Amino acid sequence: MANLPGPKIVTELPGPKASAVLEESRAYEPRCMSDQQPLVWDHAEDVWITDVDGNVFLDFSSGVLVTNVGHCHPKYVEAIRDQAGKLYNCYDFPTGPRAQLARKLVEMSAPQLTKAFILTTGSEAVEASLKMVRRASDGYEILGFGGAFHGRTYGAMSAGGNEGVRRGFGPVVPGMLRAPFPYCYRCPLGHEPEGCSMPCLDTLDYTVKTQGNGQLAGVITESYQGGAGSIIPPPGWYERLEEWRRDRGLYLILDEVQSSFGRTGKMFAYEHWGLEPDAVTLGKGLSSGVPCAAVLATEELLGGLSPGELSSTAGGNPLSAAAALASIEIIESEKLVENADQRGKKLEEAFHAMSSAPRVGDVRGMGLVWGLEMVGDKDSKTPSPEAAMRVVSEAFKRGLALIAPIGMYGNVVRIAPPLTIGPEALEVGISVLSEAVSMA
Ligand SMILES: Cc1ncc(COP(=O)(O)O)c(C=O)c1O
């Protein structure tokens, strides 16, 4: 491959400097974060990560779907440097960057979304969206979906649908109902995908009737379920959900913390299904690194709030806002949404070829976010977190950085390179991954 900086492994893994950092980390940091490969990042440029020992890895993680514009893009770095020399934080006093970011987000999104509330983390954006729906409605209940991940703060984890996030943390926030999500490879209702009439949607009224108190205010859903294992609803599912919630006068919150800013091959994932959400939560790829999140919402949801009802110390600080503006500018001017779409087609081809491997049960994805669901064997579909972990660690040994397995059963390998990835680097990543999959 012509002139690529890596992958290049020059020490044992982890190398000596990495081992020292790992030792310090294990001594002084808790183990509550996700358990990743022993890759101690030193610096990164575009899709290439260099560790503290000089090993070079190809990034198929984007952090965790954050660095959509690649690492340390020169224009991004310049915008941050420039802003850092001027002003970091001035609380809720308005600033040019915050107002410009709000305007940009409103202008680039669907017409009903007329206000943008800027925050810092995805969980915080989800919390704010739940609060604004409750504030605007006579009801207070929110319908979410099994498997959903909306964050780890109390409201967000309560709206989510995965026991693993809640276990051990006591009672959750009341008023959250949960319906089955169309995880068609493992249909929660036991149906086969072929010819399925989507009876999961027929359970919505039953869910509300049996779990609720007659106070339903809104629906929250990820546009595709990320943490549950890159689960994308079948064609027609969203359209029917949209009709159902409209008929009942419910607000729709779409959690696009992970799926927006080109990741799926569209700027916002809701464009794939023509959805008209009342609120859209954003994070991760919104600013490609410097923490920044937002809720885009209708006049009805955000326009009616009074001073002091929602606010946060660091939300919309000028540094984050300048970073987000630079990131959006790069996504638009370098046509990264189109690149994600094109490269995604190549990934789709490659994964369909890999799906014949005995341990690959299912492949799912769109644009530059994919999941390989690993199983004991194709007939039993028994989830194999061990096989998924083997893929991740064999890829690591060969210089390909993947996030630790995800999924309801911890058996899905997630692939999500930065949207700047070119054809040659993608080819290298596919070939390493395919070798790693063959060893699972
Ligand atoms: C769909 C979704 N919503 C919310 C969050 C929470 O974002 P954060 O970790 O920035 O709080 C995440 C994070 O992975 C996510 O994927």
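In this predicted model, helix 10 covers residues 237-247 and has six residues listed as buried: W237, Y238, L241, E242, W244 and R245. These buried positions span an arc of only 165 degrees around the axis, which means that they lie on the same side of helix 10. The pattern is a familiar one for anyone who has drawn a helical wheel. An α-helix has 3.6 residues a turn, so residues three or four places apart point the same way. Both aromatic and charged side chains take part in the buried set of helix 10, with W237, Y238 and W244 on the one hand and E242 and R245 on the other.

The cover over this buried side comes from several elements of the chain. Among the helices, helix 8 (199-202) and helix 9 (204-211) contribute to covering the buried residues of helix 10. Strands also contribute to that cover, including strand 5 (141-145), strand 7 (216-222) and strand 8 (251-255). Just after helix 10, the backbone at G249 adopts a positive phi of about 65 degrees.

The approach to the helix is also worth a look. P233 sits in the loop between strand 7 and helix 10. With a relative accessible area of 5%, P233 falls under the 20% cut-off and is therefore buried. Beyond its neighbours within four places in sequence, P233 is in contact with F181, P182, S223 and Y238. Of these partners, Y238 belongs to the buried residues of helix 10 described above. P233 and C184 are 49 residues apart in sequence, yet their C-alpha atoms are 7.9 Å apart in space.

Some backbone features elsewhere in the chain also deserve attention. Most residues other than glycine have a negative phi, and most peptide bonds are trans. Two cis peptide bonds can be pointed out against this background. One joins G6 and P7, with omega at about -5 degrees, and P7 lies in the segment before helix 1 (16-28). The other runs from L13 to P14, with omega near -10 degrees, and P14 is likewise found in the segment before helix 1.

Positive phi values also appear at residues that are not glycine. S62 has a phi of about 55 degrees and is found in helix 2, which comprises residues 62-65. S62 is buried, with a relative accessible area of 0%. K284 has a positive phi of about 30 degrees, and its place is the loop between strand 9 (279-282) and strand 10 (293-297). In contrast to buried S62, K284 is partly exposed, with a relative accessible area of 23%.

These local details belong to a protein chain with 15 helices and 14 strands. For 440 residues, a compact globule would have a radius of gyration near 22 Å, and the value of 21 Å for the protein chain agrees with this. The C-alpha trace spans about 60 × 60 × 45 Å along its principal axes. Of the 440 residues, 55% are buried. Among contacts with a separation of 6 or more, 74% are between residues 24 or more positions apart.

At the surface, the protein chain exposes about 18,800 Å², of which carbon and sulfur atoms supply 53%. The chain carries 39 positive and 53 negative charges, and the mean positions of these two groups are 2 Å apart.

Key: Residues numbered from 1 in each chain as written. Predicted model: local features only at pLDDT ≥ 70, side-chain atom pairs only at ≥ 80, totals over all residues. Heavy atoms only, no water. Buried < 20%, exposed > 50% of the residue type's maximum accessible area, 1.4 Å probe, protein only. Helix = DSSP H or I, 4+ residues; strand = E, 2+ residues; numbered from the N terminus. Arc of directions from axis to C-beta. Contact = heavy atoms within 4.5 Å. Rg over C-alpha atoms; globule rule 2.2 N^0.38 Å. Areas by Shrake-Rupley, 256 points an atom, 1.4 Å probe, with all protein chains shown as cover. Lys, Arg positive; Asp, Glu negative; His and termini not counted. Charge placed at Lys NZ, Arg CZ, Asp CG, Glu CD.
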